[in-house]
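Visitor: Got a minute to walk me through this one? I'd like the packing, the empty spaces and any odd backbone.

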Amino acid sequence: MLVTFVVLYMLITIGIGLFAARRVHNAKDYLVAGRSLPLYMNVATVFATWFGAETVLAVSATFAMDGLSGIPGDPFGASAALFLAALLFARLFYRLNLLTIGDFYKKRYGKGVEVLTSIAITLSYLGWTSAQMTALGLVIHILSGGAIELNHAILGGAAIVMVYTMFGGMWSVAFTDLFQTVIIIIGLSLVAYMVGDLAGGVGPVVSHAIEAGKLNLIPPEADGAMIWAIAAGFLTVAFGSVPQQDVFQRMTSAKDEKTAVRGTVIGASVYLLFAAVPIYIAYSALVMDPNLAQLFGSEDGRAVQRILPDLILNKMPVWVQVMFFGALLSAILSTASGTLLAPTATFTENVLKPFAPHMSDRQFLLTLRIVLVTFTLGALLFALNSRSTMYEMVQNAYKVTLVAAFVPLVAGAFWKRASTQGAFCSILLGLLFWIGAEMTAAEAMVPPQLVGFAASVIGMLLGSLAPQLLKPAGHSIEAAIKHEQALAHGHKH
């Protein structure tokens, strides 16, 4: 029954995605759903894309192992990133009428900075996308009773997501996200009630967590290195995931700028609150069966992520299994589709298209689909060769955007003196110091990505305030907005 349900669920999801693909008539439809999503769909795309496999399996298991001090990046840093993006950038991005976040760097700093930041953003998605593929493969592997080998299961799961995303783009993502959000909330809520009840209820589970020190954000025994590590975990995701195409895509797919702000804030709030549900389920599982803690000692970091699936399969009735795996598959598929489309959009529009500026809209749409397939293959290679947990994969993904894209974005939006030279210095110094620290002092008290972030800030300041040896290639924010308003006014007439 469970396997039949999973197959049926997959077929329904693919059907919804392909049905939504009928709305795709041009690249704007494919990338930002024609900028027409109402509030409820906008909220669903924000929540469903961020509530992924790492939230259900990896973050919950990491909490069971290390407590709150082990998960500063997700959900806390991730929610902070969405709030920052909504309050600081949503209206600006919407008024600039951009197709991708790379277009911001082009308008503000010119083509060179556009290409560099877009490559960094694209590469950052490898880890996040690979985490979803790993999770989907893990579910298929577990449900098959081990009959389907993990790597083969990862390949099959990736193919499913790739098919409906390739044809429908953001429209398919939006419709499937709406369906999957409903399944996630209903499914996990019922599972939490059932599992928590078997563990003695909310009170005993929370009391157990308090006594074990799991609710201490900074443990009493924490030294300087641990405090720096916690801060780095939070800042890497809170800042590093702001200059991301998936965040940008959801804001600019809204029907107006007010919806873009409200949808992102509400989606972030729902995400922060509901992320506690899988954490509660996983810790309840540990209270019920302390033997699950043996998974913490496995050499393969991915093993700890089996806490919830193993418990559900071994100790829960079939209807609970159906609800859990339905919610889990929804979380994985919604995030995976978004993480395939986002880097595809950025790389095609901001890295490839400058070399073929006269590409027709039909050719551009075909190129987008080819790049999506290519990126899927790259993420698959990463997933098949990684032994990290999904939480670690997502954490590592944002380091490159923290050191190479965040500072040019903030400075470009809010500092008039920010220049093309400053942006180049910020990107190059950030990458240089981060990579250097990773190679020579990876275990130092200050984590390498924070060294790179500090270098990025210094590079922007020095490069922008020094004599300008590089000719400015972009425009001020005010000039860019006026240009878009003039174009819009001309179109109305």
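Guide: What follows goes through helix contacts, backbone oddities, a pocket and a cavity, all in a predicted model.

Visitor: Start with H5 and H10. At what angle do they pack?

Guide: About 35 degrees. H5 covers residues 72-96 and H10 covers residues 224-240. Their axes are 7 Å apart.

Visitor: Is that crossing left-handed or right-handed?

Guide: H5 and H10 make a right-handed crossing.

Visitor: Which residues meet there?

Guide: From H5, Pro-72, Gly-73, Phe-76, Gly-77, Ala-78, Ala-80, Ala-81 and Leu-84. They meet Ile-230, Gly-233, Phe-234, Val-237, Ala-238 and Phe-239 of H10. By class, this contact of H5 with H10 has 11 nonpolar residues, 3 polar and no charged.

Visitor: Staying on H5, what kind of peptide bond joins Asp-74 and Pro-75?

Guide: A cis one, with omega at about 20 degrees. Pro-75 is part of helix H5. Most peptide bonds are trans.

Visitor: Other backbone oddities? What is phi of Asn-97?

Guide: Phi of Asn-97 is near 55 degrees, a positive value in a residue other than glycine. Most residues other than glycine have a negative phi.

Visitor: And where does Asn-97 lie?

Guide: In the loop between H5 and H6. Asn-97 also turns up in the lining of the second largest pocket.

Visitor: Good, let's do that pocket. How many residues line the second largest pocket?

Guide: There are 18 in the lining. Nearest the centre of the pocket are Asn-97, Leu-98, Leu-99, Asp-103 and Glu-349. The space in this second largest pocket is about 370 Å³.

Visitor: Which elements give two or more residues to that lining?

Guide: Helix H2 (27-32), helix H6 (102-109) and H16 do. H6 gives the largest share, 3 residues.

Visitor: How do the lining residues of that pocket divide by class?

Guide: Into 9 charged, 6 nonpolar and 3 polar.

Visitor: Now H16 again. How does H7 cross H16?

Guide: At roughly 65 degrees, and the axes come within 8 Å. H7 is residues 111-143 and H16 is residues 361-385. Because of that angle, H7 counts as roughly perpendicular to H16. The crossing of H7 with H16 is right-handed.

Visitor: Which side chains are we talking about? I mean, which residues in H7 and H16 meet?

Guide: H7 brings Thr-122, Tyr-125, Leu-126, Gly-127, Thr-129, Ser-130, Met-133 and Thr-134. H16 brings Phe-375, Thr-376, Gly-378, Ala-379, Leu-380, Phe-382 and Ala-383. The contact of H7 with H16 splits into 8 nonpolar, 7 polar and no charged residues.

Visitor: Switching to enclosed space. How many cavities of 30 Å³ or more are there?

Guide: The structure holds 2. The second largest cavity has about 30 Å³ of space.

Visitor: What lines the second largest cavity?

Guide: Gln-132, Met-133, Leu-136, Gly-157, Ala-158, Val-161 and Ala-336 line it. H7 and helix H8 (150-198) are the elements that give two or more residues to this lining. The cavity lining has 5 nonpolar residues, 2 polar and no charged. Met-133 of H7 is also among the residues that meet H16.

Visitor: Last pair, H1 and H15. At what angle do their axes cross?

Guide: Roughly 30 degrees, and the axes come within 10 Å. H1 spans residues 2-20 and H15 spans residues 318-352. With that angle, H1 is roughly parallel to H15. H1 passes H15 in a crossing that is right-handed.

Visitor: And which residues meet there, between H1 and H15?

Guide: On H1, Leu-2, Phe-5, Val-6, Tyr-9, Met-10 and Thr-13. On H15, Gln-321, Val-322, Phe-325, Gly-326, Leu-329, Ser-330 and Leu-333. The contact of H1 with H15 counts 9 nonpolar, 4 polar and no charged residues.

Methods: Residues are numbered from 1 along each chain as its sequence is written. This is a predicted model: local features need pLDDT of at least 70, side-chain atom pairs count only at pLDDT 80 or more; totals for chains, interfaces and linings use all residues. Side-chain values use heavy atoms; hydrogens and water are left out. Axes are lines fitted to C-alpha atoms, for helices over the stretch in contact, and angles run from 0 to 180 degrees between N-to-C directions. Helices (H or I, at least four residues) and strands (E, at least two) are DSSP runs, numbered from the N terminus. A crossing is left-handed if the near helix is turned anticlockwise from the far one by less than a right angle, and right-handed if clockwise. Contact means heavy atoms within 4.5 Å. Ala, Val, Leu, Ile, Met, Phe, Trp, Tyr, Cys and Pro count as nonpolar, Asp, Glu, Lys and Arg as charged, and the others, Gly among them, as polar. Angles under 35 degrees count as roughly parallel, over 145 as roughly antiparallel, 65 to 115 as roughly perpendicular and the rest as oblique. On a 1 Å grid over the protein atoms alone, a cavity is a set of points where a 1.4 Å probe fits but cannot get out, and a pocket is an open set with protein on both sides within 12 Å along at least five of seven lines; lining residues have an atom within 4 Å of a point. Grid points are joined across faces, edges and corners, and a volume is the space filled by probe spheres set on the points.
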